[in-house]
Amino acid sequence: MFFKQKSNIIFRNYESFGYITDNRNFGYKQTDNNENYIGDKILSESGAVFLSVLGRKPQTLDELAEKTNKQFTDIDIQTIKNDAREFYCMLERDGFIVSGETLQECEEKDTRFSYKTLEPEIIRKNFSTTIMHSEKSTQDFLEEYFKGKPQLTNLHIEITSKCNERCIHCYIPHESKISNIDSDLFYDVLKQCKNMKLLHLTLSGGEPMLHKNFCDFLRKCNKYNFSVNVLSNLTLLDNEIIKEMKANPLLGVQVSLYSMNPNIHDEITQMKGSFEKTKNAILKLIENDIPLQISCPVMKQNKNCYEDVIKWAEQHKIHVGDDYVIIARYNHTTKNLNCRLSINEVKEMINDKAAHDLKYLEQIEMAAEKKKNTTSNDFVCSVCHSSICIADNGNVYPCAGWQDYIVGNVKETSLNDIWDNSEKVQYLRDLRNKDFPKCIQCKDKEFCTMCMVRNANENPQGDPLVVNEFFCNIAKLNRQIIFERKEKLMNS
């Protein structure tokens with residue numbers, strides 16, 4: 001009998017316990033496969049040992065038992081083999097690993113992502129608790145184990161600030177797009193991430209494919225078993241890059257497509273011919289079964305045609321994120337906001353979406369219901385609790401777009417030290433809803449998502465505590481539309 005980890009599984013060994021998860025928190029959902037998630041699990045110390053010898057290549061039970069026996073020298077090999085078989089079969093029922101009578105059968109059971117798959121794979125949900133470290137939920141266990149200390153699981157690295165497009169809405173000033181990350185620094189950061197048990201990396205720019213070592217970076221990320229998200233305009237995609245992307249089953253790509261009208265897309269990117277290059281590259285990724293998501297920011301230039309992008313993407317089973325949230329540049333200049341929708345245009349967009357998608361307003365209302373239970377002592381947002389960003393010059397900042405709020409530099413201080421000891425990081429972690437008294441008292445707060453980078457970038461002094469009125473008005477608008485919908489239903 002052969003066993004192997006599934007290709008979409010991430011495992012981290014903490015010695016006294018193990019953590020295993022699928023890629024659901026980091027991979028892109030697909031239009032026909034939104035609920036096909038396995039979950040995550042805490043493994044006991046012995047369970048972590050059994051799983052640590054199990055890799056992505058099929059191995060026989062005898063091979064696995066011999067490797068395990070090196071760590072349990074006082075236990076006879078037959079007992080280890082029996083325990084291993086029971087443990088692996090249980091993990092297979094949970095959906096984390098696969099087995100086969102032959103090496104080929106084992107490989108074939110590890111079905112990977114494919115656009116050609118018409119029906120989602122059926123995953124059994126009968127999770128066993130026999131190897132759970134405790135009866136607590138995974139997140140409760142991790143929080144208790146680390147005594148409430150935030151764990152870095154997501155890192156965003158801008159490997160270059162250079163870009164071959166000049167998108168009119170971009171939050172990075174064009175004059176700042178000048179340099180690449182030093183390769184040795186990138187590799188050093190990756191080693192630190194491995195030691196910190198990081199799960200997910202986002203590689204972006206600028207345009208990340210402009211970096212001469214982009215393929216080498218992907219290769220190293222795969223070696224360390226990181227889930228990887230690449231943000232790119234795809235205009236520089238080539239066969240070598242495709243080969244490296246296919247090699248990492250935990251990799252996904254996000255690309256911006258603004259319109260199916262080439263003139264409008266190119267007007268936004270300010271690069272003639274960019275539409276054809278991006279569209280053809282998307283089709284190339286689909287052909288090679290590389291997971292993809294399209295981002296379609298909605299602005300004045302494409303407000304009347306962004307839905308064409310959604311329809312085109314649905315034909316190819318690609319999920320689209322369409323959003324009217326355009327933030328100011330991180331140097332607090334606001335010229336790029338000239339393309340941002342007005343409140344009336346946002347209202348028109350919401351009504352149009354509601355007319356075409358019956359669930360759209362329901363989702364807004366459900367999200368608002370969940371926020372009713374938030375208190376003044378709850379966190380404002382997740383920045384510096386599980387994620388952080390690094391720029392090409394080594395500067396570390398809270399999240400993408402908030403680049404003038406520097407919390408450290410990895411050329412001078414280790415990432416772990418910045419994460420644990422930076423005063424600015426601690427300041428952000430200590431912020432609570434009560435630090436925004438205007439929001440606490442606002443009747444529209446349940447329809448609002450507080451975002452400090454929106455506040456900071458649009459404020460001349462970069463103050464994240466000064467609430468951005470534009471987004472207050474959007475919250476008010478959402479509440480009003482939901483209220484009108486309820487009245488209409490009551491009177492119908």
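1. Lys303 is partly exposed, its relative accessible area being 29%, and in this predicted model the side chain of Lys303 meets that of Glu345 in a salt bridge, with 2.7 Å from N to O. The two residues belong to distant parts of the chain, 42 residues apart, since Lys303 sits in the loop between strand E11 (292–297) and helix H11 (306–315), whereas Glu345 sits in helix H12 (residues 343–356). Glu345, for its part, has a relative accessibility of 15% and therefore counts as buried, the cut-off for that word being under 20%.

2. The salt bridge just described belongs to a wider set, for the structure holds 16 salt bridges. As a general point, side chains of opposite charge can pair when their charged atoms come close.

3. Another of these pairs is formed by Lys4 and Asp110, whose closest N and O atoms are 2.6 Å apart. Lys4 lies in strand E1 (residues 2–5), while Asp110 lies in the loop between helix H4 (103–109) and helix H5 (138–145), so this salt bridge ties together parts of the chain that are 106 residues apart in sequence. A reader looking for the pair in the model should note that Lys4 and Asp110 are both buried.

4. Arg219 and Glu244 also form a salt bridge, and here the closest N and O atoms are 3.0 Å apart. Because Arg219 is part of helix H7 (residues 214–223) and Glu244 is part of helix H8 (residues 239–247), the pair ties together parts that are 25 residues apart in sequence. The surroundings of the two partners may be read from their accessibility: Arg219 is partly exposed, with a relative accessible area of 37%, whereas Glu244, at 12% relative accessibility, counts as buried.

5. The pair in the previous point does not stand by itself, since Asp216, Arg219 and Glu244 are joined into one network by salt bridges that share partners.

6. A further residue to look at is Asn23, which is found in the loop between strand E3 (18–22) and strand E4 (40–43). Asn23 has a relative accessible area of 11% and is buried. The side chain of Asn23 makes a polar contact, at 2.8 Å, with the side chain of Ser227. When residues up to four places away in sequence are not counted, Asn23 touches Asn8, Ile10, Ser227 and Leu250, so that Ser227 appears both among the residues touched and as the partner in the polar contact.

Methods:
Residues numbered from 1 in each chain as written. Predicted model: local features only at pLDDT ≥ 70, side-chain atom pairs only at ≥ 80, totals over all residues. Heavy atoms only, no water. Salt bridge = Lys/Arg side-chain N within 4 Å of Asp/Glu carboxyl O. Helix = DSSP H or I, 4+ residues; strand = E, 2+ residues; numbered from the N terminus. Buried < 20%, exposed > 50% of the residue type's maximum accessible area, 1.4 Å probe, protein only. Polar contact = N/O pair within 3.5 Å; in protein donor to acceptor, adjacent residues only side chain to side chain. Contact = heavy atoms within 4.5 Å.
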